[in-house]
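Me: Please take a close look at one part of this chain for me, the part you think best shows how the strands sit beside one another. Then walk me outward from there, so that I can place it in the whole.

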Amino acid sequence: MFTLSSPAFQDGGTIPDKHVEDSVLSPPLRWQNAPQGTACFFLVMTDQDIPDMYRQNLGRGFIHWVACLPASVTELGEGASPGKMPTGSKEFKTDFVTFGMPGYGKHYGGPWPPDAPHRYTFTLFALKSVPNLSDEAGIDEIAGAVLYNTIDVARLIGVYGPAKKPLPG
């Protein structure tokens, strides 16, 4: 069975403070039993519990992290994003960029729920081929390339909130 885990928190557990709010220090992640034929992985971290005012603008959950990883990679150390991703990896814009939050770009952005505890789903897609995506690809283009190319999926859910600090801006 293809699985995703973190030494920092259990599935359904609380994401530690050093990985939340204005932190861009990504948590460590590990996976095992990737399906045969995996050409690469796509990692997406999503907040599905966003307030309605954001959901109405996006039409989906809030994307905190998007990365394409080589098939040879089986873990990301703490703080891999930003700046220490494995060779051959590519990170994409998140919804922090969509909403123009200062200090965010193509890297991990920690949970920052303004209203209540939220669930953050780390989804790791095992893909049968490497999508040809530009560095500026948006989430809709990424979703189209990933969904029809997926062999298997592993998930890990972390919980955090409500935030201790107000959102910027």
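Reply: Let me start with the one term we need: two strands pair if DSSP finds at least two bridges between them. Please also keep in mind that this is a predicted model.

With that in hand, let us go to the sheet of 6 strands, an open one with the order 2-9-8-4-5-7 and mixed pairing. Its edges are strand 2 (13-14) and strand 7 (90-91); each has a single partner strand, so one side of each has no neighbour in the sheet.

The part I would look at most closely is strand 4, which covers residues 40-47. In this strand 8 of the 8 residues are buried, so strand 4 is largely enclosed by the rest of the structure. If you follow the side chains, Cys40, Phe42, Val44 and Thr46 point one way, while Phe41, Leu43, Met45 and Asp47 point the other way. Both of these sets are buried.

Now look at what flanks strand 4 within the sheet. Strand 5 runs antiparallel to strand 4, and 8 bridges join the two. A pair to find on screen is Asp47, whose bridge partner in strand 5 is Phe62. Strand 8 also runs antiparallel to strand 4, again joined by 8 bridges. Here you can use Phe41, which stands opposite Ala126 in strand 8.

From strand 5 you can carry on to the edge of the sheet. Strand 5 (residues 62-70) pairs with strand 7 in the antiparallel sense, over 2 bridges. Cys68 has Lys90 of strand 7 as its bridge partner.

Going the other way, strand 8 (residues 118-127) contains Thr123, a good residue to stop at. Thr123 has a relative accessibility of 9%, and buried means under 20%, so Thr123 counts as buried. Apart from neighbours within four places in sequence, Thr123 is in contact with Phe42, Leu43 and Val44, as well as Val153, Ala154 and Arg155. Three of those names bring us back to strand 4, where Phe42 and Val44 point one way and Leu43 the other. The link to Ala154 spans the sequence: Thr123 and Ala154 are 31 residues apart along the chain, yet their C-alpha atoms are 5.9 Å apart in space. Strand 9 covers 150-160, and in the sheet order strand 9 comes between strand 2 and strand 8.

That long-range contact fits a wider count. In the chain, 75% of the contacts with a separation of 6 or more are between residues 24 or more positions apart.

There is also an open sheet of 3 strands, with the order 1-3-6 and antiparallel pairing. Its edge strands are strand 1 (3-5) and strand 6 (75-76), each pairing on one side only. Strand 3 (residues 29-32) pairs with strand 6 in the antiparallel sense over 2 bridges, and Arg30 stands opposite Glu75 in strand 6.

Some backbone details between and beyond the strands deserve a visit too. Most residues other than glycine have a negative phi, and most peptide bonds are trans. Glu21 is not a glycine, yet its phi is positive, at about 55 degrees. Glu21 sits in the loop between strand 2 and strand 3 and is buried, with a relative accessible area of 4%. Asn33 also has a positive phi, near 60 degrees, and lies in the loop between strand 3 and strand 4.

As for peptide bonds, the one joining Ser81 and Pro82 is cis, with omega about 5 degrees. Pro82 is found in the loop between strand 6 and strand 7. The bond from Gly161 to Pro162 is cis as well, with omega near -5 degrees, and Pro162 is in the segment after strand 9.

Finally, step back to the whole chain. It has 3 helices and 9 strands, in the sequence pattern β-β-β-β-α-β-β-β-α-β-α-β. The C-alpha atoms fill a box of roughly 45 × 30 × 25 Å along the principal axes. The radius of gyration is 15 Å, which agrees with the value near 15 Å for a compact globule of 169 residues. Buried residues make up 47% of the chain, so you can set the strand we began with, buried in 8 of its 8 residues, against that background.

How values were computed. Residues are numbered from 1 along each chain as its sequence is written. This is a predicted model: local features need pLDDT of at least 70, side-chain atom pairs count only at pLDDT 80 or more; totals for chains, interfaces and linings use all residues. Side-chain values use heavy atoms; hydrogens and water are left out. Helices (H or I, at least four residues) and strands (E, at least two) are DSSP runs, numbered from the N terminus. The radius of gyration is taken over C-alpha atoms; the globule rule is 2.2 Å times the number of residues to the power 0.38. Buried means under 20% relative accessible area, exposed over 50%, partly exposed in between (1.4 Å probe, protein chains only). Contact means heavy atoms within 4.5 Å.
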